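Here are a few short exercises to work through with the structure in view. Try each one yourself before you read the solution.

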Amino acid sequence: MLIRKLFKFENAHIVRGCTTQRCSQNIHGHSYKVEVLLESNYLDDGQMVYDFGLTKLTIKELIDSFDHSITLWHKDDAAYLQAMKTHSARWVELPVSPSAEQFSRVIYLMVERILACTAMQNGEREVKLHSIIVHETDTGYAQGFKEDAHSILMGEIKLEEIIFSAQVQKEWSDPGIWDKLLKMEKIANPTIV
Ligand SMILES: Nc1nc2c(c(=O)[nH]1)N=C([C@H](O)[C@H](O)COP(=O)(O)OP(=O)(O)OP(=O)(O)O)CN2
């Protein structure tokens, strides 16, 4: 069975090299909608695949890193990167350009890591990430699956290369959460939310 939880964020970017000039030459923003699709053949003690309330902890918080921030590609012009980091407190730097496609791959890898590190407490079994859908506009979205997130053909994405600004990290309920996830430390789900 599949379940789906929707998250939203407002984010700015430039996508270099794309055909659409407005997109490749101008900082612009989108009201992103991100669908996290989880699947399992089992139900937990509450007869759910995975309680929606649990998705509003680390998964929501890390996706919210992109809210009211600018997403930067680490291969962009050095002066542009420096200017953005100087004048905007909330930014996220990625090893890939922030197209909808790459957002879906990046967020897939982030959520996959969170699930891998989560100690389940309510009988959840084999909860897997099915896909991530990133709606960049009302009319266009990208859907990334496991094979896309890990695709060598599309370029390997290493979680270690995703950098969150100090302000983004400070606003997490646990400012050390990303380091813990990178080290594969276990995060216990609460028994009540
Ligand atoms: N495959 C992709 N194509 C485009 C992406 C993308 O991430 N993946 N991104 C852009 C731009 O960011 C652009 O802002 C969005 O493009 P578009 O859908 O054309 O936006 P509009 O608001 O003009 O679309 P409407 O058709 O008016 O709804 C470009 N392409």
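**Exercise 1.** Find which residues of the largest nonpolar core touch the most other members, and which helix gives the most to this core.

*Solution.* Start with the core itself, in this predicted model: it has 32 residues, and Val34, Val106, Ile107, Tyr108, Met110, Val111 and Ile132 have the most contacts with other members. Next, look at where the core comes from: among the elements supplying at least two residues are strand 2 (28-39), helix 3 (58-63), helix 5 (100-117) and strand 6 (128-135). Helix 5 is the top contributor, with eight residues. Now zoom in on Ile132: leaving out residues up to four places away in sequence, it touches Val34, Val36, Ser104, Ile107, Tyr108, Val111 and Gly144.

**Exercise 2.** Work out the strand order of the sheet and say why one side of strand 7 and of strand 8 lacks a neighbour.

*Solution.* Read across the open sheet: its seven strands run 7-6-2-1-3-4-8, with mixed pairing. Strand 7 (141-144) and strand 8 (163-164) sit at the edges with a single partner strand each, so one side of each has no neighbour in the sheet. Strand 7 pairs with strand 6 in the antiparallel sense, over four bridges. There, Tyr141 in strand 7 lies opposite His135.

**Exercise 3.** Sort the shell around the ligand by class.

*Solution.* First pick out the surrounding residues, including Val15, Cys18, His28, Glu101, Glu136 and Gly140. By class, the shell splits into four nonpolar, six polar and two charged residues.

**Exercise 4.** What ipTM and pTM does the predictor give the complex?

*Solution.* The ipTM is 0.95 and the pTM is 0.97. For the protein, pLDDT averages 98, and 100% of the residues score at least 70.

Definitions and conventions. Residues are numbered from 1 along each chain as its sequence is written. This is a predicted model: local features need pLDDT of at least 70, side-chain atom pairs count only at pLDDT 80 or more; totals for chains, interfaces and linings use all residues. A residue is near a molecule or strand if its C-beta atom, placed from the backbone, lies within 6 Å of it. Ala, Val, Leu, Ile, Met, Phe, Trp, Tyr, Cys and Pro count as nonpolar, Asp, Glu, Lys and Arg as charged, and the others, Gly among them, as polar. pLDDT is the predictor's confidence in each residue, from 0 to 100. A nonpolar core is a set of buried Ala, Val, Leu, Ile, Met, Phe, Trp, Tyr and Cys residues joined through C-beta atoms within 7 Å. A residue is buried if 20 or more other C-beta atoms lie within 10 Å of its own, exposed if 12 or fewer, and partly exposed in between; C-beta atoms are placed from the backbone. Two residues are in contact if their C-beta atoms, placed from the backbone, lie within 7 Å. Two strands pair if DSSP finds at least two bridges between them.
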